[in-house]
Amino acid sequence: MNQITAYIRQSLQELYPPEELRALLMLICCDMLGLKALDIYMGKDIILSESKQRELENIVSRLRKNEPIQYIRGYAEFGGRSFRVAPGVLIPRPETAELVDLIVRENPQAARLLDIGTGSGCIAISLDKRLPEAAVDAWDVSEDALAVARANNKELEANVALKKIDVLSDAQTEPECEVPVYDVIVSNPPYVTESEKQTMEPNVLEWEPEQALFVPDSDPLRFYRRIAALGRKMLLPEGKLYFEINRAYGRETALMLEGSGYGNVRVIKDMFGNDRMVAADL
């Protein structure tokens, strides 16, 4: 074991489980410091320049404060692409990439799609890249999130039309509902209940934006109910609605959609076997 890996392990072993620490170690050494993976695996002793040593110490210091590695890097991997991220946006999760896969698989001919609560733009931009003939719109209430999404839209050479819209505001959404235009509406809205905070990891709870995470215990479906109502006005006949959901509320979300007039409502499990997606037809 060389001095670099020993320093990383000793600094972080109390905070991260062994498997996560191994992944962090390789990410820091290879992706962030530019070292060769073979040299790390072989335990080659490497001497860093002063600037690289300071960079390493800064990375480790930030990790010890529970800052997510994605924010330290400035990027997160999603669906085979690197998306810029910052503390004002939620870090994309692999389960969300499954939602994108589902939409693309079921709607190869979709002409127009809307992503509500776009955050970093990972869903909208991925759909734009994978359905190049489609027009993709995306909304978010956060200017910080939209700034990151615009940067990703440019860097990844996508053509998503981004708008600052509060989906819960009648005044802002009413003009958008004049004519049904969308084949697909998708949303990964805030769905973590306030009571679930106590079970969350510090690197999520202390760093990721509360606005993108939490809903009141008294109304966990507030965003889903609102978007379902908008979908009734904005989706074309036979249009489809897709949600990422809190795994504890799959049945409740499905019943709400059925009660709102949607058909073919499906609760779909993610790669970990949890209820994570809901799809419905208008």
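This is a short talk on the sheet, the helices packed on it, and a few single residues of one predicted model.

Some ground rules. The model is predicted, so local features need pLDDT of at least 70, side-chain atom pairs count only at pLDDT 80 or more, and totals for chains, interfaces and linings use all residues. Residues are numbered from 1 along each chain as its sequence is written, and side-chain values use heavy atoms, with hydrogens and water left out.

Let's start with the sheet. Helices (H or I, at least four residues) and strands (E, at least two) are DSSP runs, numbered from the N terminus. Two strands pair if DSSP finds at least two bridges between them. With that, we get an open sheet of 7 strands. The order is E5-E4-E3-E6-E9-E11-E10, and the pairing is mixed. At the edges sit strand E5 (161–164) and strand E10 (263–269), each paired on one side only. From one strand to the next, the twist averages 15°. On angles: axes are lines fitted to C-alpha atoms, for helices over the stretch in contact, and angles run from 0 to 180 degrees between N-to-C directions.

Now walk through the pairs. E3 and E4 are parallel, with 5 bridges. Ile116 has Trp139 of E4 as its bridge partner. E3 and E6 are also parallel, over 4 bridges. There, Asp115 is matched with Val186 in E6. Next, E6 and E9 run parallel and are joined by 5 bridges. Tyr182 has its bridge partner in E9, namely Leu235. Then the direction changes. Strand E9 (residues 235–244) and strand E11 (residues 275–281) run antiparallel, again with 5 bridges. Lys240 finds its bridge partner in E11, at Asp281.

How well are the strands of this sheet covered? Take buried as under 20% relative accessible area, exposed as over 50%, and partly exposed as in between (1.4 Å probe, protein chains only). E6 has 5 of its 6 residues buried, so it is largely enclosed by the rest of the structure. E3 is mostly covered too, with 4 of its 5 residues buried.

On to the helices. Contact here means heavy atoms within 4.5 Å. Helix H11 (residues 222–234) lies across strand E3 (112–116), strand E4 (135–140), strand E6 (182–187) and E9. Its direction is at about 160° to E9. Helix H12 (residues 250–259) also packs on the sheet. H12 touches E9, E10 and E11, and makes about 165° with E10.

Next, empty space. On a 1 Å grid over the protein atoms alone, a cavity is a set of points where a 1.4 Å probe fits but cannot get out. Grid points are joined across faces, edges and corners, and a volume is the space filled by probe spheres set on the points. How many cavities of 30 Å³ or more does the structure hold? The count is 1. The largest cavity has a volume of about 30 Å³. Lining residues have an atom within 4 Å of a point. For the largest cavity they are Tyr191, Pro220, Leu221, Tyr224, Asn246, Tyr249 and Thr253.

Two backbone oddities. Glu157 is not a glycine, yet its phi is positive, about 55°. Glu157 sits in the loop between helix H8 (143–155) and E5. At 64% relative accessibility, Glu157 is exposed. Glu238 is not a glycine either, and its phi is positive at about 70°. Glu238, however, is in strand E9. At 69% relative accessibility, Glu238 is exposed.

Cysteines next. A disulfide is a pair of cysteine sulfur atoms within 2.5 Å. The whole structure has 0 of them. Cys29 is in no disulfide, and the nearest cysteine sulfur, that of Cys30, is 6.1 Å away. Cys29 is buried, at 0% relative accessibility. Cys177 is buried as well, with a relative accessible area of 13%.

Last stop: Leu27. It is in helix H2 (residues 18–32). Leu27 is partly exposed, at 24% relative accessible area. Which residues does Leu27 touch, not counting those up to four places away in sequence? They are Met32, Ile69 and Arg73. Leu27 and Ile69 are 42 residues apart in sequence, and 8.9 Å apart in space, C-alpha to C-alpha.

That's the tour.

Conventions:
1 Å grid on protein atoms, 1.4 Å probe; cavity = no way out; pocket = protein on both sides within 12 Å on 5 of 7 lines; lining within 4 Å.
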